[in-house]
Amino acid sequence: MPNGQTMSLDLSNMTQLAAAFNVTAATANGNAPSGISGVSVGTNGALTFNYANGTSTTAYDIPLANVASPDNLTSVNGDAFLPTAASGPVYLGTAGGAGFGSIESSSLESSTVDLATELTEMIQAQSAYEANSKVFQTGADILDVLNGLKP
């Protein structure tokens, strides 16, 4: 009795032969053991294991998430976010369908920013600002002295 429910089992169409068990036909449908040569991710979010013998197996579908108001998510641990009442519920979906974007696998962001150059220019701008503020302060000090010399 599964879960206390009544079950009916019909054995009327079964037969039994008075002979030993013997395999009459067998086919192999597997592959020889092989190591993983790589992992790939498709534009639809399918995570695939690629084996050294040339076969591949889809292991997992990576879901995408969306909320009604992403600006109202709460940031936790840097790049992770939690939904709030203001952000709305989280909707999960498959990449490429139902308004969700696609996944660009094995691609690099083509940024033209050279961080070393930008940092150097920022330091130079800060030094120039500091020097200009000292010039203005010196000018203000001279004006104070001049105003103090008037009879």
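## The β2-β3 pair and its sheet

Let's start with a hairpin. Strand β2 (residues 46-51) pairs with β3 in the antiparallel sense over five bridges; two strands count as paired if DSSP finds at least two bridges between them. Strands here are DSSP runs of E with at least two residues, helices are runs of H or I with at least four residues, and both are numbered from the N terminus. This is a predicted model, in which local features need pLDDT of at least 70 and side-chain atom pairs count only at pLDDT 80 or more, while totals for chains, interfaces and linings use all residues. Residues are numbered from 1 along each chain as its sequence is written, and side-chain values use heavy atoms, with hydrogens and water left out.

Within the hairpin, N50 has S56 of β3 as its bridge partner. Four residues lie between the two strands, and G54 takes a positive phi near 95°. The wider arrangement is an open, antiparallel sheet of three strands in the order β1-β2-β3. Its edge strands, β1 (36-41) and β3 (56-61), each pair on one side only. On average, neighbouring strands of this sheet are turned by 25° against each other, direction ignored; the axes behind such angles are lines fitted to C-alpha atoms, and angles run from 0 to 180 degrees between N-to-C directions.

## Around S87

Where does S87 sit? S87 is found in the loop between β6 (80-82) and β7 (91-94). With a relative accessible area of 1%, S87 is buried (under 20% is buried, over 50% exposed, and partly exposed in between, with a 1.4 Å probe and protein chains only).

A polar atom of the S87 side chain lies 2.8 Å from the backbone nitrogen of T84. Leaving aside neighbours within four places in sequence, S87 is in contact (heavy atoms within 4.5 Å) with V67, A68, S69, N72 and L73.

## The whole chain

Stepping back, the protein has one helix and seven strands, running β-β-β-β-β-β-β-α from the N terminus on. The radius of gyration is 36 Å, well over the 15 Å that the globule rule gives for 151 residues, so the protein is more spread out than a compact globule. That radius is taken over C-alpha atoms, and the rule is 2.2 Å times the number of residues to the power 0.38. Along the principal axes, the C-alpha atoms fill a box of roughly 135 × 45 × 25 Å.

Of the 151 residues, 7% count as buried. Among contacts between residues at least 6 apart in sequence, 26% join residues at least 24 apart.

How values were computed: A polar contact is a pair of N or O atoms within 3.5 Å; within protein, one must be able to donate a hydrogen and the other to accept it, and residues adjacent in sequence count only if both atoms are side-chain atoms.
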